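This report describes the fold, the enclosed parts and selected positions of one protein chain. The sequence and the model are shown below.

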Amino acid sequence: MNASSSLFDDVVKATRLVDLIAPFTVSRLLVGAGVSPREMTREDLAEALPHLERGLAIYLRDDELSGALADIRLLAAE
């Protein structure tokens, strides 16, 4: 995560979703997992990973999903 972006913004980028739908989709998935998108911590992100995986699987092919989840896991672990 760079100094000018939030964890949420970094997660949105990591999903590899189309820019038009990515912020809304990630917000919806996080809220569904009980996580506030703008107040999310790395621990919250780690707990939301299963929910994100299920939700992103609707939009991404297997190879895209694997890459996106690997990037999101790295963000949760930083």
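## Overall architecture

From the N terminus onward, the elements of the protein follow the order α-α-α-α. The model is a predicted one. It contains four helices and zero strands.

The radius of gyration of the protein is 11 Å, in agreement with the value near 12 Å that a compact globule of 78 residues would have. Taken along the principal axes, the box filled by the C-alpha atoms is roughly 30 × 25 × 25 Å. Among contacts with a separation of 6 or more, 54% join residues that are 24 or more positions apart.

## Burial, surface and charge

Of the 78 residues in the protein, 41% are buried. The exposed area of the protein is about 4600 Å², and 55% of it is supplied by carbon and sulfur atoms.

The side chains include 8 positive and 13 negative ones. The centres of these two sets lie 3 Å apart.

## Helix 1 and its surroundings

Helix 1 covers residues 7-15. How many of the nine residues of helix 1 are buried? Seven of them are, so helix 1 is largely enclosed by the rest of the structure. The buried residues are Leu7, Phe8, Asp10, Val11, Val12, Ala14 and Thr15.

The cover over these buried residues includes helix 2, helix 3 (42-56) and helix 4 (62-77). An α-helix has 3.6 residues a turn, so residues three or four places apart point the same way.

## Thr15 in helix 1

Thr15 belongs to helix 1. Its relative accessible area is 0%, and Thr15 is therefore buried, since the cut-off for that class is under 20%. Which residues are in contact with Thr15, leaving aside its neighbours within four places in sequence? They are Ala22, Val26, Leu56, Leu60, Ala68 and Ile72.

Two of these partners can be placed directly from the helix ranges: Ala22 falls in helix 2 (22-32), and Leu56 falls in helix 3 (42-56). The side chain of Thr15 also has a polar partner within helix 1, reaching the backbone oxygen of Val12 at 2.7 Å. Val12 is itself one of the buried residues of helix 1.

## The loop between helix 1 and helix 2

Arg16 is located in the loop between helix 1 and helix 2 (22-32). Just after helix 1, Arg16 adopts a positive phi of about 65 degrees. This is a positive value in a residue other than glycine. Is Arg16 buried, partly exposed or exposed? Its relative accessibility is 44%, so Arg16 counts as partly exposed.

Val18 is another residue of the loop between helix 1 and helix 2. With a relative accessible area of 57%, Val18 is exposed. The C-alpha atoms of Val18 and Leu52 are 16 Å apart in space, and the two residues are 34 apart in sequence.

## Selected positions in helix 2

Arg28 is part of helix 2. At 39% relative accessibility, Arg28 is classed as partly exposed. The C-alpha atom of Arg28 is separated by 9.7 Å from that of Leu52, and these residues are 24 apart along the chain.

Gly32 also lies in helix 2. Its relative accessible area is 51%, and Gly32 is therefore exposed, as the cut-off for that class is over 50%. Gly32 and Ile72 are 40 residues apart in sequence, with 17 Å between their C-alpha atoms. Ile72 is also among the contacts of Thr15.

## Gly67 in helix 4

Where does Gly67 lie? Gly67 is in helix 4. Its relative accessible area is 16%, which means that Gly67 is buried. Along the chain, Gly67 and Lys13 are 54 residues apart, and their C-alpha atoms are separated by 12 Å.

## Summary of the picture

The protein has four helices and zero strands, and helix 1 is largely enclosed by the rest of the structure. Thr15 in helix 1 is buried at 0% relative accessible area, whereas Arg16, just after helix 1, has a positive phi and is partly exposed. In the same loop as Arg16, Val18 is exposed. Gly32 is exposed, whereas Gly67 is buried.

Conventions
Residues are numbered from 1 along each chain as its sequence is written. This is a predicted model: local features need pLDDT of at least 70, side-chain atom pairs count only at pLDDT 80 or more; totals for chains, interfaces and linings use all residues. Side-chain values use heavy atoms; hydrogens and water are left out. Helices (H or I, at least four residues) and strands (E, at least two) are DSSP runs, numbered from the N terminus. The radius of gyration is taken over C-alpha atoms; the globule rule is 2.2 Å times the number of residues to the power 0.38. Buried means under 20% relative accessible area, exposed over 50%, partly exposed in between (1.4 Å probe, protein chains only). Contact means heavy atoms within 4.5 Å. Accessible areas come from the Shrake-Rupley method with a 1.4 Å probe; for residues, only the protein chains shown count as cover. Lys and Arg count as positive and Asp and Glu as negative; His and the chain ends are not counted. The place of a charge is taken as NZ of Lys, CZ of Arg, CG of Asp or CD of Glu. A polar contact is a pair of N or O atoms within 3.5 Å; within protein, one must be able to donate a hydrogen and the other to accept it, and residues adjacent in sequence count only if both atoms are side-chain atoms.
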